[in-house]
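Please read the following alongside the sequence and the coordinates. The text goes from strands to sheets, then to the core, the aromatic contacts and the loops.

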Amino acid sequence: MNSKAATTPTQAYEDFVPSSKLVHGEHFDTIHIDIHGFKKEQLRVVLTSTGTLKISGQRPIGPTKWQRFLKEFPVVENCDRSKISAKFENGILHVKQPKLKTTVEKEKELSATLVENTPAAKRQKTTLRDEFGKQDNADIDTPAKEEPKETSPKTSCTRLCLPGRAAT
């Protein structure tokens, strides 16, 4: 018996290295990777347990030809790994690595909290609250002053005049 072997076309891969840059910011560092021609579904961003970001992608460029890339980046120091995010727009992949708060920033926040909770600060808040309360109560206790009613130049009406009726 002769059986025909099914021929499957083999896929050929074209590897390339996309351009990338790391931009340092005050609260986060961002990796920008230029991968025009790719779609979001064709990309993959993985954080390994060793602290490496593996960014890869592949897309078809012909019936049996694919284009692919793989780039690895070490996670920046002082990065909050649980908050790493990626955004793909206009052919550029942006991988944001938020920075952890430094001990200096934590100390500033702690000292600000302590200052707000000191007895003097609490007294100041209470004093302001009491002052506003006194003003509110004063408004309730004193009757509102009636403003003088305007008179119309055509009539000498001191009370409400309905149109077409003369004042009595």
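Two strands are taken to pair if DSSP finds at least two bridges between them. The model described here is predicted. By that criterion strand 5 (residues 52-60) and strand 6 (residues 65-74) are paired, because 9 bridges join them. These two strands run antiparallel and form a hairpin with 4 residues between them. Two pairs of facing residues can be picked out along this ladder: Q58 stands opposite R68 in strand 6, and R59 stands opposite Q67 in that strand.

Strand 5 also pairs with strand 4, again in the antiparallel sense, through 5 bridges. One of the positions on this side is L43, whose bridge partner in strand 5 is G57. Strand 4 and strand 5 form a hairpin too, with 4 residues between the strands, and within the hairpin G51 takes a positive phi near 85°.

These pairings belong to an open sheet of 4 strands with the order 1-6-5-4 and mixed pairing. Strand 1 (12-15) and strand 4 (43-47) stand at the edges; each has a single partner strand, so one side of each is left without a neighbour in the sheet. Neighbouring strands of this sheet are turned against each other by 20° on average, direction ignored.

A second open sheet, also of 4 strands, has the order 2-3-8-7, and its pairing is antiparallel. Its edges are strand 2 (20-24) and strand 7, and since each of them has a single partner strand, one side of each lacks a neighbour in the sheet. The twist in this sheet averages 20° from one strand to the next. Inside the sheet, strand 3 and strand 8 pair over 7 bridges, antiparallel. H32 stands opposite H94 of strand 8.

Which strands each supply at least two residues of the largest nonpolar core? The core has 14 residues, and I33, I35, I55 and L93 touch the most other members. Strand 3 (28-34), strand 5, strand 6 and strand 8 (92-98) each supply at least two of its residues. Strand 5 and strand 6 come from the sheet ordered 1-6-5-4, whereas strand 3 and strand 8 come from the sheet ordered 2-3-8-7. In soluble globular proteins, nonpolar side chains tend to be buried together. The surroundings of I33 can be followed residue by residue. Leaving aside residues up to four places away in sequence, I33 touches P18, S19, S20, I55, F73, G91, I92 and L93. Among these contacts, I55 and L93 are also named with I33 as core residues that touch the most other members.

The aromatic residues come next. The model has 3 aromatic pairs. One of them joins F38 and F69 in an edge-to-face arrangement, with 5.5 Å from centre to centre and 90° between the planes. F38 lies in the loop between strand 3 and strand 4 and F69 in strand 6, so the pair ties together parts that are 31 residues apart in sequence. Both residues fall under the 20% limit for burial: F38 counts as buried at 6% relative accessibility, and F69 counts as buried at 5%. F38 and F69 form one aromatic cluster with F16.

Two arginines sit over aromatic rings. The charged end of R59 is placed over the ring of F38, 5.1 Å from its centre. R68 lies over the face of Y13, at 4.2 Å from the ring centre. These arginines have been met above in the ladder between strand 5 and strand 6, where R59 faces Q67 and R68 faces Q58.

Last come two loop residues picked out by their backbone. Most residues other than glycine have a negative phi, and most peptide bonds are trans. N78 is not a glycine, yet has a positive phi of about 60°. N78 is placed in the loop between strand 6 and strand 7 (85-89). N90, also a residue other than glycine, has a positive phi near 55°, and its place is in the loop between strand 7 and strand 8. Are these residues buried or exposed? N78 is partly exposed, with a relative accessible area of 33%, while N90 is exposed, at 69%.

Methods
Residues numbered from 1 in each chain as written. Predicted model: local features only at pLDDT ≥ 70, side-chain atom pairs only at ≥ 80, totals over all residues. Heavy atoms only, no water. Axes fitted to C-alpha atoms, helices over the stretch in contact; angles between N-to-C directions. Core = buried A, V, L, I, M, F, W, Y, C linked by side-chain atoms within 4.5 Å. Buried < 20%, exposed > 50% of the residue type's maximum accessible area, 1.4 Å probe, protein only. Contact = heavy atoms within 4.5 Å. Phe/Tyr/Trp six-rings, centres within 6.5 Å; stacked < 30°, edge-to-face > 60°. Lys NZ or Arg CZ within 6 Å of the ring centre and 35° of its normal.
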